[in-house]
Amino acid sequence: MKTAITELFGIEHPIIQGGMHYVGFAELAAAVSNAGGLGIITGLTQSTPELLAKEIARCRDMTDKPFGVNLTFLPTFTAPPYPEYIAAIREGGVRIVETAGRSPEQFMPLLKAAGIKVIHKCTSVRHSLKAEQIGCDAVSVDGFECGGHPGEDDMPNMILLPRAAEELKIPFVASGGMADARSLVAALALGAAGMNMGTRFIATKEAPVHDNVKKALVAASELDTRLVMRALRNTERVLKNKGVDELLEIEREKGASLKIADIHEQVAGVYPKVMLEGDMDAGAWSCGMVAGLIRDVPTVKQLIDRIMDQAHGLITARLAGMLAAQPA
Ligand SMILES: Cc1cc2nc3c(=O)[nH]c(=O)nc-3n(C[C@H](O)[C@H](O)[C@H](O)COP(=O)(O)O)c2cc1C
């Protein structure tokens, strides 16, 4: 399949693996790129630019295909040394960066001077247009269904994607709730040039996370995610667990007066506990509603091949068949 996204990034299939904290290590990024998609290393999971440089080198040892790095611009007072992370990306020969969180505007000159293509992940049409205006090459449009931070507009992809298609000139991928061939074909029909998956890629053989996480995703239904931190305007969709129940209880008690310090125990340092140790009750970790569509743990290649085969079938048999069946 050829789309504006496969052409932009030099990949075979229009499928991107979004950056994921403590999941997007070299093993997963390389597996996705080797299977013809675009794998992405999560920059800030590497606690220093030097460690990111090593992770990029490890990924390069595992694939000769294009891969990217995610840079998430966090709303913190002590910002990570982003220019040094960008230097590590440039020197590692990576030419694709997925930005997320705040606008990458301030760093666009650095990224562009390094010949890097930027795909910015955002949750609204207005932020997508801003990304286009500041020179991003593409956007990843993240609907309300998504795992992680869906923003504060609560706009599902059924509306968000066609609205993005109406307004944007640069290509975009659909993100949030994408799991299979049906997602891909629907995303293309709504105007996207591909799809970005997060949660689905965690339940793969190569995802370097504890088996308990993969089992939890297979067991979860579409009803098992919760939204947390709304009162802080930092809404996150997470998988329900004991720590999240406690967090929600604190949120109910504190109401609009909630401070991040009130929920420190349920949000800080949770990722290594969940992803590395398999402690599934540790607290808030991002997970999409798409968990309800995850029923197996295939290899990344099996997953991507299945999506592309079935997408072909959906388009040429199911959809074309409906047209052929129309009375003249
Ligand atoms: C466990 C997990 C961690 C994530 N961490 C990040 C992150 O550090 N930076 C980022 O930009 N997006 C992050 N995301 C969001 C994904 O890149 C992607 O946009 C999202 O998962 C898409 O929705 P889906 O889960 O329904 O596929 C994370 C998602 C998950 C599930």
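**Exercise 1. Place Thr6 in the fold and describe its surroundings.**

Solution.
Step 1: locate the residue. Thr6 sits in helix α1, which spans residues 4-9. The model is a predicted one.

Step 2: classify its exposure. Buried means under 20% relative accessible area. Thr6 has 1% relative accessibility, so Thr6 counts as buried.

Step 3: look for a partner of the side chain. The Thr6 side chain reaches the backbone nitrogen of Thr3 at 2.8 Å.

Step 4: list the contacts, leaving aside neighbours within four places in sequence. Thr6 is then in contact with Met1, Ile11, Glu12, His13 and Pro14.

**Exercise 2. Do the same for Gly194, and state its distance from Ile5 in sequence and in space.**

Solution.
Step 1: Gly194 lies in the loop between α8 (181-189) and β8 (195-197).

Step 2: apply the cut-off of under 20% for buried. The relative accessible area of Gly194 is 0%, so Gly194 is buried.

Step 3: take both separations. Gly194 and Ile5 are 189 residues apart in sequence. In space, their C-alpha atoms are 6.5 Å apart.

Step 4: collect the contacts, not counting residues up to four places away in sequence. Gly194 touches Pro14, Phe172, Val173, Ala174, Leu184, Ala187 and Leu188.

**Exercise 3. Analyse the packing of α3 against α4.**

Solution.
Step 1: get the geometry. Helix α3 covers residues 49-62 and helix α4 covers residues 82-91. Their axes come within 9 Å and cross at roughly 20°.

Step 2: name the orientation. Angles under 35 degrees count as roughly parallel. Therefore α3 is roughly parallel to α4.

Step 3: assign the hand. The crossing of α3 with α4 is right-handed.

Step 4: identify the residues. From α3, Pro49, Leu52, Ala53 and Ile56 make the contact. From α4 come Glu84, Tyr85, Ala88 and Ile89.

Step 5: sort them by character. The contact of α3 with α4 has seven nonpolar residues, no polar ones and one charged.

**Exercise 4. Repeat the analysis for α2 against α3.**

Solution.
Step 1: helix α2 runs over residues 26-34. The axes of α2 and α3 come within 9 Å and cross at roughly 35°.

Step 2: the crossing of α2 and α3 is right-handed.

Step 3: on the α2 side, the contact is made by Ala26, Glu27, Ala29, Ala30 and Asn34. On the α3 side, Glu55, Arg58, Cys59 and Met62 take part.

Step 4: the residues of the contact of α2 with α3 divide into five nonpolar, one polar and three charged.

Definitions and conventions: Residues are numbered from 1 along each chain as its sequence is written. This is a predicted model: local features need pLDDT of at least 70, side-chain atom pairs count only at pLDDT 80 or more; totals for chains, interfaces and linings use all residues. Side-chain values use heavy atoms; hydrogens and water are left out. Axes are lines fitted to C-alpha atoms, for helices over the stretch in contact, and angles run from 0 to 180 degrees between N-to-C directions. Helices (H or I, at least four residues) and strands (E, at least two) are DSSP runs, numbered from the N terminus. Angles under 35 degrees count as roughly parallel, over 145 as roughly antiparallel, 65 to 115 as roughly perpendicular and the rest as oblique. A crossing is left-handed if the near helix is turned anticlockwise from the far one by less than a right angle, and right-handed if clockwise. Contact means heavy atoms within 4.5 Å. Ala, Val, Leu, Ile, Met, Phe, Trp, Tyr, Cys and Pro count as nonpolar, Asp, Glu, Lys and Arg as charged, and the others, Gly among them, as polar. Buried means under 20% relative accessible area, exposed over 50%, partly exposed in between (1.4 Å probe, protein chains only). A polar contact is a pair of N or O atoms within 3.5 Å; within protein, one must be able to donate a hydrogen and the other to accept it, and residues adjacent in sequence count only if both atoms are side-chain atoms.
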